[in-house]
Amino acid sequence: MPLPKIEDSPPVGELLRHGLELVEDLTCKLQSLDSLLLTGKPNEISEASAHVEAALNAAAPSFAQIAEALGLLGVSNLAAAAAQLRHIEQTDAAALAEALRGALSRFAKRSVTANRRAQQLNRGLSAALRGLQALGVQEAGRLIAEA
């Protein structure tokens with residue numbers, strides 16, 4: 001049985017392969033951002049954050065196509081898609097669905113870690129600024145906040 005094809009788009013297997021590549025790229029960018037959060041270099045952190053945001057925005061249409069393809073398969077998630085693809089004897093596409101599911105899970109965990117680290121950095125900066133203000137260094141505090 002052939003895989004469903006969304007009008008004017010590649011087959012499900014190609015969509016899943018592309019989605020996996022996107023998630024792997026996003027994970028690398030997020031890992032870089034997370035590492036930069038440890039350095040406390042605001043310019044580099046801001047630049048890396050912008051790269052992650054741009055990559056997420058660029059990936060959105062591809063993930064919308066994947067969601068549409070899952071709907072055509074009659075499933076609502078990648079685990080069910082893998083099972084359905086195996087059922088229709090599309091083992092390569094099923095393996096891609098499972099790999100994409102795993103990559104998304106790892107990305108989500110890394111995202112939570114990076115978010116937690118960013119919140120800690122923000123709390124630390126806020127505490128430092130409050131300390132400077134308490135010492136009467138409000139102008140310097142404004143300069144730090146703007147940086």
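# Exercises on an all-in-one-chain helix model

The protein chain has 5 helices and 0 strands. You're looking at a predicted model, so keep that in mind as you work through the exercises.

## Exercise 1: The overall plan

Work out what pattern the protein chain follows along the sequence, and what share of its residues is buried.

**Solution.** Start with the pattern: read along the sequence, it goes α-α-α-α-α. Next, look at burial: of the 147 residues in the protein chain, 29% are buried. Then turn to the surface, where the protein chain exposes about 9,200 Å², with carbon and sulfur atoms supplying 53% of that area.

## Exercise 2: The nonpolar core

Find out which helices supply residues to the largest nonpolar core, and which helix gives the most.

**Solution.** First, get to know the core: it has 33 residues, and Leu 16, Leu 33, Leu 70, Leu 73, Leu 85 and Leu 100 have the most contacts inside it. Now go through the helices. Helix 1 (12-39), helix 2 (42-73), helix 3 (78-87) and helix 4 (91-134) each bring in at least two residues of this core. Helix 1 gives the most, with 10 residues. Finally, zoom in on Leu 16. Skip its neighbours within four places in sequence, and its contacts include Ile 66, Leu 78, Leu 85 and Leu 100.

## Exercise 3: One face of helix 3

Explain why the buried residues of helix 3 line one face of the helix.

**Solution.** Begin by listing them: the buried residues of helix 3 are Leu 78, Ala 81, Ala 82 and Leu 85. Now look down the axis of helix 3: its buried residues fall within an arc of 100°, so they line one face. While you're here, check both ends. At the start of helix 3, Asn 77 has a side-chain oxygen that comes within 3.1 Å of the backbone nitrogen of Ala 79. Just after helix 3, Glu 89 has a positive phi of about 60°.

## Exercise 4: Thr 27, buried or exposed?

Decide whether Thr 27 is buried or exposed, then find what its side chain reaches.

**Solution.** Locate Thr 27 first: it lies in helix 1. Buried means under 20% relative accessible area. Thr 27 has 16%, so it is buried. Its side chain reaches the backbone oxygen of Val 23 at 2.8 Å. Leaving out residues up to four places away in sequence, Thr 27 touches Phe 107 and Arg 110.

## Exercise 5: Three salt bridges

Find which residues pair up in the salt bridges of this structure, and where each partner sits.

**Solution.** A quick reminder: side chains of opposite charge can pair when their charged atoms come close. The structure holds 3 salt bridges, and you can take them one by one.

1. Asp 25 pairs with Lys 29, with the closest N and O atoms 3.1 Å apart. These two are 4 residues apart in helix 1, which means about one helical turn separates them.
2. Arg 117 pairs with Asp 34, and here the closest N and O atoms are 2.5 Å apart. Arg 117 is in helix 4 and Asp 34 in helix 1, so the pair ties together parts 83 residues apart in sequence. Asp 34 is buried at 9% relative accessible area, while Arg 117 is partly exposed at 22%.
3. Arg 86 and Glu 98 meet at 2.4 Å, N to O. Arg 86 belongs to helix 3 and Glu 98 to helix 4, 12 residues apart. Arg 86 is partly exposed at 40%, and Glu 98 is partly exposed at 41%.

Key
Residues numbered from 1 in each chain as written. Predicted model: local features only at pLDDT ≥ 70, side-chain atom pairs only at ≥ 80, totals over all residues. Heavy atoms only, no water. Buried < 20%, exposed > 50% of the residue type's maximum accessible area, 1.4 Å probe, protein only. Areas by Shrake-Rupley, 256 points an atom, 1.4 Å probe, with all protein chains shown as cover. Core = buried A, V, L, I, M, F, W, Y, C linked by side-chain atoms within 4.5 Å. Contact = heavy atoms within 4.5 Å. Arc of directions from axis to C-beta. Polar contact = N/O pair within 3.5 Å; in protein donor to acceptor, adjacent residues only side chain to side chain. Salt bridge = Lys/Arg side-chain N within 4 Å of Asp/Glu carboxyl O.
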